[in-house]
Structure formats: C-alpha cells, structure tokens
Amino acid sequence: SDGVVIPQQMPGTMSSFYMPLISEAYYIARGEAVPQFILNQSAMVTGLPQISIARYNNMVQVLVNYLQLDGNLARLQAQYEADNRRFPSDNNVGHISAQNQDSLLDSVNIDGVTLKEFIDQKIGLRYSYNM
C-alpha cells in the first residue's frame, strides 16, 4: 500500500474506494501492466473490513471479466475521455463520473450482491454508516 491509509472519517465521495478497483481492472482488461500508484491505492479497499487482498483480487477479476464483454471496455474508455480526460496513469487513479462508477459496479455481482453493494456494505461497517 506504500503509505496509503484509509481515512479515519468517511470521505465526501466514494471515488476513493471505487476508482482504484475500476482503474486496476481497466489496465488488466487492456492487457497492460497496472501502475504501482494504482496498486497502492487498492489499500483504500483492502483497508475495509472483510476485504482481504485475495478478496480484492477476486473483485478485480470479476470486473475484468465484465469489461471484456460486449464493448464494455470501450465504454469505460469513453467515460474516462468524457471526464476531462482523467485517465488512470503512473500517478493518478483516474476518474469517471459518480453515475458511471455506480452503473459499472452495479453491473457485476459478487457473493450474491452487486459489487457496488458489496463495497458499500464494507464502507458502512468501517464507518458505522448505513449506505
């Protein structure tokens, strides 16, 4: 995690939890090496209760599998372009709109719930906040 620590207080946006996962899956689905900066940011997710590194890697793989279907990777590419060209890079986790983050994470399932619901449940446990 190279110094990346989950904040004590709930962040004002869920992007800090969602985008590392989305951007890592983006690189893998493209067959490219994931920048270390993005790998380090995964600590935002693995720092949540009940999300081990193995569980996180499974979450990434589920998302990669989805991105490799039906033009989903091209859609994500277009979303990065639409959001002021905030592509993930060696020093930036990248960004797509909150609506697009929610839609993407709601499109895949893990443990009988959407990936978004799964992450939100763990965020709720961490911050004692009902999503």
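## Helix α7

Let's start with helix α7 in this predicted model. The helix covers residues 115–127, which is 13 residues. At 1.5 Å a residue, α7 should span 18 Å, and its end C-alpha atoms are indeed 18 Å apart, so the expected and modelled values agree.

Which residues of α7 are buried? They are Leu115, Lys116, Phe118, Ile119, Asp120, Lys122, Ile123, Gly124 and Tyr127. As you look at that list, it helps to know that an α-helix has 3.6 residues a turn, so residues three or four places apart point the same way. The buried residues of α7 pack against the helices α1, α4 and α6, and also against the strands β1 and β2. Just after α7 comes Ser128, with a positive phi of about 50°.

## Pro7 and the end of α7

Now find Pro7, in the segment before α1. Is Pro7 buried, partly exposed or exposed? Its relative accessibility is 28%, so Pro7 counts as partly exposed. Leaving aside residues up to four places away in sequence, Pro7 touches Met44, Arg126 and Tyr127.

Two of those partners also meet each other: the charged end of Arg126 sits over the ring of Tyr127, 4.8 Å from the ring's centre.

## Aromatic rings

The structure has four aromatic pairs. In one of them, Tyr26 and Tyr27 meet edge-to-face, with 5.8 Å from centre to centre and 80° between the planes. Tyr26 and Tyr27 are both buried.

Tyr80 and Phe87 also pair: their ring centres are 5.8 Å apart and their planes lie at 35°, so this pair is tilted. Tyr80 is buried, with a relative accessible area of 0%. Together, Tyr26, Tyr27, Tyr80 and Phe87 form one aromatic cluster.

Methods: Residues numbered from 1 in each chain as written. Predicted model: local features only at pLDDT ≥ 70, side-chain atom pairs only at ≥ 80, totals over all residues. Heavy atoms only, no water. Helix = DSSP H or I, 4+ residues; strand = E, 2+ residues; numbered from the N terminus. Expected span 1.5 Å × (residues − 1). Buried < 20%, exposed > 50% of the residue type's maximum accessible area, 1.4 Å probe, protein only. Contact = heavy atoms within 4.5 Å. Phe/Tyr/Trp six-rings, centres within 6.5 Å; stacked < 30°, edge-to-face > 60°. Lys NZ or Arg CZ within 6 Å of the ring centre and 35° of its normal.
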